[in-house]
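User: I would like to learn how to read helix packing and a ligand site in a model such as this one. Could we begin with the handedness of a crossing?

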Amino acid sequence: MKILLTGGSGDVGTLLTRALLQDGHEVVNIDMAPPKTPGGIFMQGSILDRALLEKAMAGVDCVVHIAAWHGIHAETKTPAEFHDLNVTGTFNVFQAAADAGVGKCVFVSSTSAAHPHEIYGHTKILGEKMAETYAHRHGMEVVTLRPRAFIPSWNRDVYADYVGWAKWFMRGAVHIDDFRDAVLLAINLKTGRKAPVYTIDGAYDYSAGDLKNWDKDGPGTTFAKYYPDHVALAQKYGLDTALKPKVLEIEKDAKLPGYAPRYTMRNLLEELKAFGADGPPAPYAAANKTPAPRRKNSRHP
Ligand SMILES: NC(=O)c1ccc[n+]([C@@H]2O[C@H](COP(=O)([O-])OP(=O)(O)OC[C@H]3O[C@@H](n4cnc5c(N)ncnc54)[C@H](O)[C@@H]3O)[C@@H](O)[C@H]2O)c1
């Protein structure tokens, strides 16, 4: 398939580019910033440039619309900037896709859409409404994904080190690799529904009973029950072993079919043990060359 990514130079776009190329797809990336990984066609520019979007859509089978200001930009971008990129930009992407007869779009929304009183959530709700409208009006299959936060440990603009990321992740989040896999599933999904919306959470080792009766035997006891060999490690790096993760309650029809997240607190502890506060390297950092074919179930492509 020929797949257009908007914002393909960002965190999830970088992982998607690698995975899609490895799976034999053709990738086109429209982004203001240069790509972090080689391969595919890069069109430098903005989704606010309708002529560029029109060019980029030629022969495209599926658009994955990622580009947006999001949570980390809430304090640096104005409401007008949020509206321009997230609402006008999303309109431009859907309209250009419809004009070009693209049959499939994956719209990356956010669990923040549940908070429409904030500017970010407000723009995502409007994007979701557009997804629905274009699906119905143009017979386009549009899958909307609502991930919770997935900023990766290797994003040094956001996290000073792996420990900073770990302290945030253990509160409850989805690992970027799992979210990448959710997007890959959505690209291939035959929903039979016009514009489904799926919430994307991460994976957790804890049973429902242990989550309900968290630390009933004292602070840190649930963590110690699951990770007895890692308590000292967690303490060494200042992780709060008494912290209960917030697991999302997701209705059955809001679950993406086939989605089975795999990265849990156990993986985090193993990475912390292996790599210390530096964490594992960014997946694109080691070899800046076109990636080799992806192994099934590989965690870092
Ligand atoms: N990161 C998270 O934790 C998280 C959580 C939920 C939802 N989301 C959603 O995921 C998407 C962001 O993914 P990410 O975390 O990989 O983002 P990112 O910030 O790493 O990447 C976004 C990319 O968009 C590009 N971009 C900015 N303005 C553009 C424009 N006018 N035209 C084209 N490209 C432009 C940026 O250069 C950047 O490369 C957004 O839609 C966001 O709402 C993110």
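Analyst: A crossing is left-handed if the near helix is turned anticlockwise from the far one by less than a right angle, and right-handed if clockwise. In this predicted model, local features need pLDDT of at least 70 and side-chain atom pairs count only at pLDDT 80 or more, while totals for chains, interfaces and linings use all residues. Residues are numbered from 1 along each chain as its sequence is written, and side-chain values use heavy atoms, with hydrogens and water left out. The crossing of H3 and H4 is right-handed, helices being DSSP runs (H or I, at least four residues) and strands likewise (E, at least two), numbered from the N terminus.

User: At what angle do H3 and H4 pack?

Analyst: Two packed helices are described by the angle between their axes and the distance between the axes. Axes are lines fitted to C-alpha atoms, for helices over the stretch in contact, and angles run from 0 to 180 degrees between N-to-C directions. Helix H3, residues 79–99, packs against H4 at about 10°, the axes lying 10 Å apart, which makes H3 roughly parallel to H4 (angles under 35 degrees count as such, over 145 as roughly antiparallel, 65 to 115 as roughly perpendicular and the rest as oblique).

User: How many residues surround the ligand?

Analyst: A residue belongs to this shell if one of its heavy atoms lies within 4 Å of the molecule. The shell has 27 residues, the closest being Val12, Asp31, Ile66, Tyr120 and Phe150, and helix H1 (11–22), strand E2 (26–31) and helix H4 (119–138) each supply at least two of the shell residues.
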